[in-house]
Amino acid sequence: MDDLARRAEEWLAQDPDPDTREELGKLLAAGDTAALRDRFGAKLEFGTAGLRGELGAGPNRMNRVTVRRAAAGLAAVLGAGRHVVIGYDARHKSEVFARDSAAVLTGAGLRASLLPRPLPTPVLAFAVRHLGADAGVMVTASHNPPRDNGYKVYWGDGSQIVPPLDAEISAAIDAVGRVDELPLGEGETLDDAIVTSYLAAVTALPLGEARELRVAYTPLHGVGRATLEAAFARAGFAAPHVVAAQAEPDPEFPTVAFPNPEEPGATDLVIELAGRTGADLVLANDPDADRCAAGVPTPGGVRMLTGDELGGLLAEHVIRHTSGPDRVVATTIVSSSLLSRIAAAHGVGYAETLTGFKWIMKAGPGRLVFGYEEALGYSIGSDAGPPVHDKDGIGAALTVAAIAAAARREGRTLLDLLDDQARRYGLHATRQLSIRVDDLSLITTAMDRLRTTPPTTLGGRQVESADDLTTGPGGLPPTDGLRYHLSGGARVVIRPSGTEPKLKCYLEVVIPSPADVPAARAKAATALTEIATDLSAILT
């Protein structure tokens, strides 16, 4: 307890936040060893996803000391005279963290420009390149629970950092001393011209001419609504119907268990709204609006598309509206193999990367016009490339609306387009299985067990081959994961989540060009369930 108390006292002496000072003072007074060890026995590690964790006092929490140290480390790597753009969402402490970052960066001799208010992450990613900045910071925890926050770093190309830059920044953070001794300055605040420029860029994407569409939309208590509505209006779409209970930013996310449109129940209210308004299309952003989910109302209820299904539709739309032999589309090793089939059919280059847009946006060789990951992340491009070098839930929503409006003119929906793709390229059915844990060591144990005793069958299918992704197969950078190729063209990828306490499994079953698509979907769903059942038994 003595060493913990000493570290806690040292932290308390430099903490500028009265909330975490009060929290830590109470823990010290109570002699709560377990709570102190939780906060001071480890620290949040800065990696390619930056920092992300629960709010609270100590190095193992997101707080003003942690953020000021991160900003000082970034400043040390960049050097004086460089320009950093800073954005933030509406989570607890986001604006405070953003302003602390600006103060530390300007105090270190850099120029810091704050976005004018809480805005979507893609606006920040766009702003870095648009303003010719050297780096960007986005304060957000995306779709994490309410008590979390995070700190994402972008480089001058407008995409998230990759190794070895993360390690260099991490080492610089470790070298930072007391934050109450850091010189502080005052950053500048940008005006709405940056938002206007972003809107001009995304509405210049290939959207076609059809605009007759009724949309039900939710920002899930996040910051997407105003920007999406402005984008729709500028592009000529009618204003979407918005879920009133989720329309305004609320860091508590009171109507959902997890503010992630992938999670069960997260889209219930927008589905209900679609029924009441006669909507043709359902759209949802996550709280920082870098992800987009879509659904189609049917007589039997709304059918939400998977991230892979939406990725296939968006990819073919972009390919058909761009030109040139050097075009490339990219996705990740955990996404559907459908994109490779689409690319081959259209004579377009295809690249496969590790998970994360930091890798997708660097895919090549060639001119990247579209990138996606199955977790509802999409970067939509034109012949000039994507205006946002990261996930863009606003640009994706606009493009989905354009595709749906064009289909509606012909008396069709996105579901009809999915059936068309299944007949052309084969039915690629995917499913994700996530196992959430309270003890992170359980994830390590499960991965070790799989490497020591790999499965021989899954869902009644033989495991024909296995790849340990730590070896970097196919020239990929090494990462913690396993990939199994099963008989009949099925595939499973297992990896720990980089941002949440989860073990994530990605399943795919392929049925070649079925004549009866509904029957093929039913068959694939059964096969995915059988594989998921076996995986659950192995991993829990």
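These numbered points concern the sheets, aromatic pairs, nonpolar cores and cysteines of a predicted model.

1. The six-stranded sheet. One open sheet has six strands in the order E1-E5-E4-E2-E3-E6, and its pairing is mixed. Strand E1 (51–54) and strand E6 (188–189) form the edges, each pairing on one side only. E1 runs antiparallel to strand E5 (residues 148–155), and four bridges join the two. Gly53 has Asn149 in E5 as its bridge partner.

2. The helix across that sheet. Helix H5 (residues 94–107) lies across strand E2 (83–88), strand E3 (111–114), strand E4 (135–139), E5 and E6. Its direction relative to E2 is about 170 degrees.

3. The four-stranded sheet. A sheet of four strands, also open and with mixed pairing, follows the order E13-E12-E14-E15. Its edge strands are strand E13 (349–353) and strand E15 (377–380), each of which pairs on one side only. On average, neighbouring strands of this sheet are turned by 20 degrees against each other, with direction ignored. Helix H11 (residues 307–320) packs on the sheet and touches E12, strand E14 (367–373) and E15. The direction of H11 makes about 165 degrees with that of E14.

4. The parallel pair in that sheet. Strand E12 (residues 327–332) and E13 run parallel and are joined by five bridges. Thr331 has Glu352 in E13 as its bridge partner.

5. Aromatic pairs. The count of aromatic pairs is five. In one of them, Trp11 and Phe40, the ring centres are 6.0 Å apart; the pair is edge-to-face because the planes stand at 85 degrees, and the cut-off for that class is over 60. This pair links distant parts of the chain: Trp11 belongs to helix H1 (residues 2–14) and Phe40 to helix H3 (residues 33–40), 29 residues apart. Trp11 counts as buried at 9% relative accessibility, and Phe40 counts as buried at 4%.

6. Further aromatic contacts. Phe232 and Phe237 make a tilted pair, with 5.3 Å from centre to centre and 45 degrees between the planes. Both Phe232 and Phe237 are buried. Phe370, Tyr372 and Tyr378 form one aromatic cluster.

7. Nonpolar cores. In soluble globular proteins, nonpolar side chains tend to be buried together. The largest nonpolar core here has 76 residues, and the members that touch the most others are Leu115, Phe232, Leu281, Leu283, Phe370, Tyr378 and Leu414. Helix H14 (residues 393–409) gives the most to this core, contributing 11 residues. Another core lies apart from it and has 33 residues, including Leu51, Ala102, Val153 and Ile173.

8. Residues that recur. Phe232 belongs to the tilted pair and is also listed for the largest nonpolar core. Phe370 and Tyr378 are in the aromatic cluster and are likewise listed for that core.

9. Cysteines. How many disulfides does the count give? The count comes to zero disulfides. A disulfide is a covalent bond between the sulfur atoms of two cysteines. Are Cys292 and Cys505 buried or exposed? Cys292 counts as buried because its relative accessibility is 1%, against a cut-off of under 20%. Cys505 is buried as well, with a relative accessible area of 0%.

Conventions
Residues numbered from 1 in each chain as written. Predicted model: local features only at pLDDT ≥ 70, side-chain atom pairs only at ≥ 80, totals over all residues. Heavy atoms only, no water. Disulfide = S-S within 2.5 Å. Buried < 20%, exposed > 50% of the residue type's maximum accessible area, 1.4 Å probe, protein only. Pairing = 2+ DSSP bridges. Axes fitted to C-alpha atoms, helices over the stretch in contact; angles between N-to-C directions. Contact = heavy atoms within 4.5 Å. Phe/Tyr/Trp six-rings, centres within 6.5 Å; stacked < 30°, edge-to-face > 60°. Core = buried A, V, L, I, M, F, W, Y, C linked by side-chain atoms within 4.5 Å.
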